[in-house]
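This report describes one protein model, moving from single residues to larger elements. Please keep the sequence and the structure in view while reading.

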Amino acid sequence: MAELNLGKGLTAGKVASNVQKKLTRAQEKVLQKLGKADETKDVAFEEGVINFNKQYAEGSKLQRDLRAYLEAVKAMHESSKNVQACLADMYEHEWYGKNEVESIVEDCDVLWTDYHQKLVDHALISMDTYLGQFPDIKARIAKRDRKLVDYDSARHNYATTHKTKKKDGGIKITKPSSLLERATPGWAQGILSAHNVAQSSLSRSQAEEELERAQKVFEEINIDLQEELPSLWNSRVGFYVSTFQSLAGFEEKFHKEISRLDQDLYDVLEALEKSDTTSGNDTTNHTLRPGGPPPIPKSPSKLKPAVPPPPKVTPCKDMKQEQIVNLFDAAAAPDISITSPTEPANWDSWGEAASSPAEAEPEPSPEPEPEPEPVQEPEPVEEAAPEETPAPEPEETVAAAPSEPEMPPGFLFKVKVMHDYAANDTDELEMKATDVVLVIPFDNPEEQDDGWLMGIKEADWLQNKENAVKGVFPENFTERL
């Protein structure tokens, strides 16, 4: 009858044999725990197994952490790549260093890729190879434990068989012990007794052979493990050193290279900022805060500075009526044509010129004479020039003109601030509504932009004079006084 095949090389006989081995081992373990069977102990080997399990656990944890580190490097690579690509996309073609920025972005991507690949090749693969030997050794340790139980069981069986031999050797067969022996003729009793002795000898021989075979299998596995476990335990030092040296070396090199690229990018952006600032000074780069009035460009460079008229004779209150009349003596006064509006000596036009000296320039005298100073010394009336004689309105001209405060060099006119203005650059003037600003010309007229004036706040000038801060400001935020 053919033996039943259960697949994968298993047969009913092998299955039965394996089941019998498991039962025998379980029975032997129970007897050992109960103290009815001897158990082989190897303290050195057990310490080696403890170290093996510890080394396997540490290596497995290092492998997990290293994989997590590589995943983090990969994620950082993707994040850095996205940020660098965003910078390259936003960097306009006409900006300084466009090609340099694109080259730096490409180099960063290559550097990250190379760093990740080196970690995989020299750290992760080495780690996987190192841990790959542990499962096989672990399986052999488990097999060694099973063969040790088989060896102890064979030893126990052999000892039991020998005890029975000694006991049988001390008993003589005097009468049959079974019906078969009773039915056997006398002449055959000896043959049957010899057969029983042969069967007992066969059992003892089988027990001895089983013991030798179990001992041989166990010792082969045990000797190999006794050599491998200490060697594996000692190898951990060199492996850890090699792994972490590679990791530290690759990381150090990567950070040096990425730092160099970061410095190059920083230098390019710094140069871009300087070039943008330079170009901004050459063109109109001033901006107004939202909410202000719409810009109305007015160039202050087109405004002529007001030239004050020459000193005029101002009669005082103590002057007599005769002296005032003498000022307008017919011999000293020029010919006046009332019908000619173009004459500069017309009384009405002359009066307007005298009342608004900042709006018109006086005509030069055809016959220049020395200019007297009648304000301090009004007595020498005969020295006054006819064209400098004030209008005959005593009520308005009797009072002396008040002295003007000292103004900054080149002062043009005053303006009143109508809206707050926050300076957007260092050369701009911070202003608040109701401030009064003294307008002065630009040091270099070519630097003046349309719609912008140069000035000093009046309060600052009165307090600090030459140390007062001057700056440009939008003209449409002010109103001329």
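## Two residues with positive phi

Lys465 is partly exposed, because its relative accessibility of 27% falls between the limits of 20% for buried and 50% for exposed residues. This residue of the predicted model belongs to the loop between helix H10 (458-464) and S6. Although Lys465 is not a glycine, its phi is positive, at about 55°. Most residues other than glycine have a negative phi.

Thr434 also has a positive phi, near 80°, and is likewise a residue other than glycine. Its place is in the loop between strand S3 (413-417) and S4. Is Thr434 buried or exposed? Thr434 is exposed, because its relative accessible area of 57% is over the 50% limit.

## The protein as a whole

The protein has 481 residues, of which 28% are buried. Its secondary structure consists of 10 helices and seven strands. Among contacts with a separation of 6 or more, 72% are between residues 24 or more positions apart.

## The strands

Strand S3 shows an alternating pattern of side chains. Phe413, Val415 and Val417 point to one face and are buried, while Lys414 and Lys416 point to the other face and are not buried. S3 pairs with S4 in the antiparallel sense over four bridges, and Lys416 has Val436 in S4 as its bridge partner. S3 also pairs with strand S7 (residues 478-480), again in the antiparallel sense, over three bridges. In that pairing, Val417 is matched with Thr478 in S7.

Strand S4 (residues 436-440) is antiparallel to S5 and is joined to S5 by four bridges. Here Leu438 has Ile456 of S5 as its bridge partner. S5 in turn runs antiparallel to strand S6 (residues 470-474), with five bridges between them, and Trp452 stands opposite Pro474 in S6. Why is strand S5 described as largely enclosed by the rest of the structure? Strand S5 (residues 452-457) is described in this way because five of its six residues are buried.

The loop between S4 and S5 contains Asp450. Asp450 counts as exposed, because its relative accessibility is 57% and the limit is 50%. The C-alpha atoms of Asp450 and Pro474 are 9.2 Å apart in space, although these residues are 24 residues apart in sequence.

## The nonpolar cores

In soluble globular proteins, nonpolar side chains tend to be buried together. In this model, the largest nonpolar core has 40 residues. Phe52, Val101, Leu119, Met127, Ile137, Ile141 and Leu229 have the most contacts inside this core. Helix H2 (43-90), helix H3 (98-132), helix H4 (134-169) and helix H6 (186-282) each supply at least two of its residues. Which helix gives the most to this core? The answer is H3, with 14 residues.

Leu229 shows which residues meet in this core. With its neighbours within four places in sequence left aside, Leu229 is in contact with Phe45, Gly48, Val49, Phe52, Ile137 and Ile141. Apart from the largest core lies another core, of 21 residues. Its members include Leu429, Leu438, Ile456 and Trp461.

## Helix H3 and a buried glutamine

H3 has 35 residues, so at 1.5 Å a residue the helix should span 51 Å. Its end C-alpha atoms are 50 Å apart, which agrees with that expectation. H3 also bends by about 35° at Val120.

Gln63 is found in helix H2. Gln63 is buried, because its relative accessible area of 18% is under the 20% limit. When its neighbours within four places in sequence are left aside, Gln63 is in contact with Met127, Asp128 and Leu131.

## The cysteines

A disulfide is a covalent bond between the sulfur atoms of two cysteines. How many disulfides does the count give? The count is zero, with a pair of cysteine sulfur atoms required to be within 2.5 Å. Two cysteines of the model have contrasting surroundings: Cys86 is partly exposed, with a relative accessible area of 38%, whereas Cys108 is buried, with a value of 3%.

Notes: Residues are numbered from 1 along each chain as its sequence is written. This is a predicted model: local features need pLDDT of at least 70, side-chain atom pairs count only at pLDDT 80 or more; totals for chains, interfaces and linings use all residues. Side-chain values use heavy atoms; hydrogens and water are left out. A nonpolar core is a set of buried Ala, Val, Leu, Ile, Met, Phe, Trp, Tyr and Cys residues joined through side-chain atoms within 4.5 Å. Buried means under 20% relative accessible area, exposed over 50%, partly exposed in between (1.4 Å probe, protein chains only). Contact means heavy atoms within 4.5 Å. The expected span of a helix is 1.5 Å times one less than its number of residues. The bend at a residue is the angle between axes fitted to the seven residues ending there and the seven starting there. Two strands pair if DSSP finds at least two bridges between them.
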